[in-house]
Structure formats: C-alpha cells, structure tokens
Amino acid sequence: MRSYCDPLPRRPKRVLVAGVSGAGKTTLASRIAEIIGGPHLEIDAIFHGPGWMPRAEFLADLRSFVSADAWTTEWQYDAARPLLAERADLLVWLDFPFVRVTLPRVVKRTVRRRLRREELWNGNFEAPLRTFFTDREHIVRWAIRTRRKYTALMPQVVSEYRHIVVVRLRSRREVEEWLRRSLVPAVTG
C-alpha cells in the first residue's frame with residue numbers, strides 16, 4: 001500500500017476512490033477524472049432509482065461503463081466491488097479521522113441537502129432530519145456504522161487484486177500533495 005508521497009508506477013487509466021460516506025469520494029473522483037482525462041461516473045446516480053430503490057439495470061450499466069479504456073468512479077456497493085476491482089488499476093482510499101473530519105462533513109452535507117431540498121439522484125432527496133433517530137439506514141447512521149469497513153477490506157484488496165495500486169490518503173493535505181506529487185507526474189511524465 002502506498003502513501004501520498006510515493007510515486008505511481010504507471011499512468012492510471014481506471015481509478016476507484018474508496019472511503020466512508022462523507023469522506024469526499026465523489027469530489028476527489030471528479031478531480032482525478034479531470035487529470036487523467038477519462039469520464040467520471042457518480043456510482044450513486046446509476047444505483048438509486050426513484051424512491052431510493054436500487055435500479056435493476058445497475059450492474060448492466062456499470063459493466064458498460066467499466067468496459068471503457070479510462071474511467072473514474074467510487075468503490076461502493078458490495079455487488080459492484082468485484083466488477084470494479086477486476087478492471088481498475090488504481091484505488092485511492094480516503095482514510096481520514098472519522099470523528100474530526102468525516103463525521104462533521106457527512107452531517108453538514110446531509111443538513112445542507114435537506115434544508116435546500118437538493119435533488120440527489122432520480123428524484124430522490126435526503127430524508128427529514130428527524131429520521132436520524134428512527135431510520136437505521138439514515139446516511140449519518142450508516143457512516144457511523146460502516147466507518148471501519150475499509151480498514152477490513154483493504155488487506156483483501158491488496159492480496160486478491162495484485163494488479164491494483166492502492167494509495168492510502170489520511171488527510172486533506174495528503175490528498176492535495178498526492179494529486180500534485182504523484183498523480184499529475186504519472187499522467188504528464
């Protein structure tokens with residue numbers, strides 16, 4: 001596993017961004033896509049159908065997307081992870097301090113989306129804030145419950161998918177340094 005200061009061994013073409021809800025996966029994936037030149041797919045947009053129901057076409061749409069030569073997306077959804085990992089050549093893991101960084105981000109984002117009634121995907125909106133207390137699947141509760149998931153998954157990724165370069169980033173500063181010192185030189189060099 002590499003850190004923010006390690007050079008990449010080759011130019012990445014198919015990139016995954018992993019991390020708990022609220023870590024900034026989608027934002028970073030979009031930035032990476034701009035740098036490497038491939039499209040970015042916000043995976044939530046093809047997973048969630050109206051009423052937050054999973055779309056029946058999700059895996060078919062995802063297979064079509066990952067068949068391309070270059071792309072960037074978030075590494076989410078148990079059914080999608082193997083398909084994504086088989087094709088990816090780089091996985092960037094956002095492993096920020098949960099209580100100090102990620103939890104405040106997911107709370108702030110959730111409150112903002114709800115108060116502004118921001119449409120997310122396919123006509124869906126954040127649930128009323130009071131559902132934090134009643135809905136086990138509320139996004140903030142989900143983030144809290146799954147905050148250690150990637151710590152358990154990453155050793156498996158490293159051993160099962162040896163073709164994937166895994167980069168672990170532990171702060172926003174490391175993200176910026178990695179983009180500048182590792183990703184950009186791998187693309188332009």
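Of the chain's 189 residues, 46% count as buried. The model is predicted. Its secondary structure comes to 8 helices and 5 strands. Three strand pairings, described below, link E1 with E3, E1 with E4, and E4 with E5.

**Overall form**

- The radius of gyration is 16 Å, which agrees with the value near 16 Å that a compact globule of 189 residues would have.
- The C-alpha trace spans about 50 × 35 × 30 Å along the principal axes.
- Contacts with a separation of 6 or more are counted here, and 71% of them join residues 24 or more positions apart.

**Order of elements**

- Read from the N terminus, the elements run β-α-β-α-α-β-α-β-α-α-α-β-α.
- The run opens with a strand and ends with a helix.

**Surface and charge**

- The accessible surface comes to about 9,900 Å².
- Carbon and sulfur atoms hold 53% of that surface.
- The chain carries 34 positive and 21 negative charges.
- The mean positions of the positive and negative charges are 5 Å apart.

**Strand E1: cover on both sides**

- E1 covers residues 14-18, and 5 of its 5 residues are buried.
- One side presents Arg14, Leu16 and Ala18, and these residues are buried.
- The other side presents Val15 and Val17, which are buried too.
- Arg14 counts as buried because its relative accessible area is under 20%.

**Strand E1: two partners**

- E1 pairs with E3, residues 71-74, in the parallel sense over 4 bridges.
- In that pairing, Leu16 stands opposite Thr73 of E3.
- E1 also pairs with E4, residues 90-94, again in the parallel sense and over 4 bridges.
- Here Ala18 stands opposite Trp93 of E4.
- Leu16 and Ala18 both belong to the side of E1 that also holds Arg14.

**Strands E4 and E5**

- E4 and E5 pair in the parallel sense over 5 bridges.
- Val92 has Val167 in E5 as its bridge partner.
- E5 covers residues 165-169 and is mostly covered, with 4 of its 5 residues buried.

**Tracing the pairings**

- Start at E3, which pairs with E1.
- Step from E1 to E4, its other parallel partner named here.
- Finish at E5, which pairs with E4.
- Useful markers along this path are Thr73 opposite Leu16, Trp93 opposite Ala18, and Val167 opposite Val92.

Terms used
Residues numbered from 1 in each chain as written. Predicted model: local features only at pLDDT ≥ 70, side-chain atom pairs only at ≥ 80, totals over all residues. Heavy atoms only, no water. Helix = DSSP H or I, 4+ residues; strand = E, 2+ residues; numbered from the N terminus. Rg over C-alpha atoms; globule rule 2.2 N^0.38 Å. Buried < 20%, exposed > 50% of the residue type's maximum accessible area, 1.4 Å probe, protein only. Contact = heavy atoms within 4.5 Å. Areas by Shrake-Rupley, 256 points an atom, 1.4 Å probe, with all protein chains shown as cover. Lys, Arg positive; Asp, Glu negative; His and termini not counted. Charge placed at Lys NZ, Arg CZ, Asp CG, Glu CD. Pairing = 2+ DSSP bridges.
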